[in-house]
Amino acid sequence: MINNLDLLKDSNENINEYIKNIVENYSVDKNAKVITHGCQMNEHDSEKIEWLLEKMGYNLVEENEDSDLIILNTCSIRHSAEDKVYGQLGSLKHLKKSKPGLKIGVCGCMMQRDESREYVLEKFENVDIIFGTNNIWKLPELLSKNYASNKTTVDIEENSDNLDDYLGANRLYSYKSYVNIMYGCNNFCTYCIVPFTRGRERSREPEDILKEIKFLAENGTKEITLLGQNVNSYGKSLESPISFAELIYRVSEISGIERIRFMTSHPKDISDDLIYAYRDIDKLCNFLHLPVQAGSSRVLKLMNRKYTKEDYLRKIDKIKNVNPDIALCTDLMIGFPSETEEDFLETIDLVKRVQYDTSFTFIYSMREGTLAAKSNEQVPDDIKHNRFERLLDVLYSIQLTKNLNFIGKTCKVLVEDVSKNNKEYLTGRTDEFKLVNFKGNVDNIGKIIDVKIVDANTFSLKGEIIG
Ligand code: 5AD
Ligand code: SF4
């Protein structure tokens, strides 16, 4: 058999040859399932894994019991995310006993961390292959090796060779697609494990990104979400530097692309160019996710966020001046070490001043290896939970008011799917990323249509198709 790895070593252009080789050499005819934890980056990595598996001949299935191969794509961001994976691996032990041919793979951020990888190797002898966030493309080779040796096959790359960029992706929806524009993070927020699991920041060449988006547009994609841990610093380290705003302008010129979104941006790096892009680029959606984490400047300093509460509020004012209707979203963390009641009230004050449309809220989780984990001023659990509940009350009340304001408006909605809760309804997203449920024909799925909002609650809107 030709060695896949040798083919890829020569040059990236050999990817077609590599895939042809996979298609010709594998006709597995088995069932596989990929279980994904964590963020959009992981979701997109899983789409690549599924694409590779299908090329090898695997059928993708829903149930663990029907699978011959189960891959867990893991997340390290909080302790609870890791615990979930350990729980799943525990229950898979039983399945493997009744189905000895079952192969189990573990990949993603947890496997990039020595502690978690060693724990998995020690406690779960049922795991067959382990790989990381930088070498998805090696999966066919690793599976072959494992079948040949029947020993746990481990392959972790500290640095990326960027070959995963050349893989296709088994995208859940043809009309909306994730596209990686950069990887890693250089910020070292003192609570965060990401710089240790995803490595240093690196941007993809704009030509490669645009080529991928053109291809997606030609195949029906209307909405693109540009992915990176800190998209605002995109392009700075490229040989020919280009700003993130410039990249958005270039993406907006691609015909067929009607909506552009991105995740995630760091407040310290948000540029005036990007703020003005919200005025000048129609295709850039009316939505900004700008994680603040905390409202106390003292806590922000300890987090190494490199902005104060006032800096953040000034940026928000600027954005609202340019685009008064923009929907704002944030990440908030409760119980960072040494957080006092006064610090917490600063967060509440900031939330009330910004008036977020939506938020992701987290209780601080100690991650070994980060600076904050060394603090001896950890906040007791009961205080964290009490503050968390109080924060949610404030956030949800603002969220409800914001959603009620949509009643009577007509919104452009990208129709995504049939509603999971009620098959009579379709569901989609407005420009502002608001979830809307409405009755309609499934032929509308994938189209952008006018929907009049007739009702609202804290988490979604209800609408009627116009015309
Ligand atoms: N504990 C809790 N939340 C965390 N996040 C990152 N690290 C931690 C941690 N140790 C949150 C931040 C970040 C989001 C992706 O996850 O709010 O923006
Ligand atoms: Fe983590 Fe901070 Fe980087 Fe975001 S910017 S990934 S919170 S270190």
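Which residue in strand 19 does Phe438 stand opposite? Gly463. Keep that pair in mind. This is a predicted model, and I'll take it in four parts: the strands, the two ligands, the aromatic rings, and a few single residues.

Strands, then. Phe438 and Gly463 belong to a parallel pairing: strand 17 runs alongside strand 19, residues 461–465, and four bridges join them. Strand 17 has another partner. That is strand 16, residues 425–430, and here the two run antiparallel. Five bridges hold that pairing, with strand 17 spanning residues 435–439. One bridge to note: Tyr425 has Lys439 as its partner in strand 17.

Now the turn of that hairpin. Four residues sit between strand 16 and strand 17. Among them is Phe433, with a positive phi near 70°. Phe433 is not a glycine, so check it on your own screen; the sign is positive in a residue other than glycine. Its relative accessible area is 33%, so Phe433 is partly exposed.Next, ligand 1. What surrounds it? Eleven names come up on the list, including Ile77, Arg78, Tyr191, Gln293, Asp331 and Met333. Phe362, Ile363, Tyr364, Ser365 and Arg367 belong to that shell as well. By class, the shell has six nonpolar, two polar and three charged residues.

Here are the polar distances. On the oxygen side, an atom of ligand 1 is 3.1 Å from an N or O atom in the side chain of Arg78. On the nitrogen side, there are two backbone partners to mention. A nitrogen atom of ligand 1 is 3.1 Å from a polar backbone atom of Tyr191. A nitrogen atom is also 2.8 Å from a polar backbone atom of Ser365.

How much of ligand 1 does the protein cover? The figure is 86% of the 400 Å² of accessible area that the ligand has on its own. Which elements give two or more residues to this shell? Strand 13, residues 327–334, and strand 14, residues 358–363.

On to ligand 2. Its shell contains three cysteines' worth of labels to look for: Cys185, Cys189 and Cys192. Asn187, Phe188, Tyr191, Val194 and Pro195 surround ligand 2 too. From further along the chain come Gln229, His266 and Arg305. The class split is seven nonpolar, three polar and one charged. Tyr191 appears around ligand 2, and Tyr191 is also in the shell of ligand 1.

Now the rings. How many aromatic pairs are there? The count comes to twelve. Take Tyr396 and Phe459. Their ring centres are 5.1 Å apart and their planes stand at 80°, so this pair is edge-to-face. The two rings come from distant parts of the chain, 63 residues apart. Tyr396 is in helix 15, residues 381–404. Phe459 is in the loop between strand 18, residues 448–456, and strand 19.

Are these two buried or exposed? Tyr396 has 33% relative accessibility and counts as partly exposed. Phe459 is exposed, at 54%. One more ring group: Tyr86, Tyr119 and Phe124 are linked into a cluster by ring pairs.

Last, the single residues. Start with the backbone. Where is there a cis peptide bond? Between Met263 and Thr264, with omega about -10°. Thr264 lies in the loop between strand 11, residues 259–263, and helix 11, residues 272–280.

Gln355 is another residue other than glycine with a positive phi, near 60°. Gln355 lies in the loop between helix 14, residues 341–354, and strand 14. At 30% relative accessibility, Gln355 counts as partly exposed.

Then two buried positions. Gly105 is in strand 4, residues 103–108. Its relative accessible area is 0%, so Gly105 is buried. Which residue is 5.8 Å from Gly105, C-alpha to C-alpha? Asp128, which is 23 residues apart from Gly105 in sequence.

The other is Lys309, in helix 13, residues 309–322. Lys309 has a relative accessible area of 5%; the cut-off for buried is under 20%, so Lys309 is buried. What does its side chain contact? The side chain of Asp349, in a polar contact of 2.7 Å.

To recap. Strand 17 pairs with strand 16 and with strand 19. Tyr191 is in the shell of ligand 1 and in the shell of ligand 2. Tyr396 and Phe459 make an edge-to-face pair. That's the tour.

Key
Residues numbered from 1 in each chain as written. Chains lettered and ligands numbered in written order. Heavy atoms only, no water. Near = heavy atom within 4 Å. Polar contact = N/O pair within 3.5 Å; in protein donor to acceptor, adjacent residues only side chain to side chain. Areas by Shrake-Rupley, 256 points an atom, 1.4 Å probe, with all protein chains shown as cover. Nonpolar A, V, L, I, M, F, W, Y, C, P; charged D, E, K, R; others polar. Pairing = 2+ DSSP bridges. Phe/Tyr/Trp six-rings, centres within 6.5 Å; stacked < 30°, edge-to-face > 60°. Buried < 20%, exposed > 50% of the residue type's maximum accessible area, 1.4 Å probe, protein only.
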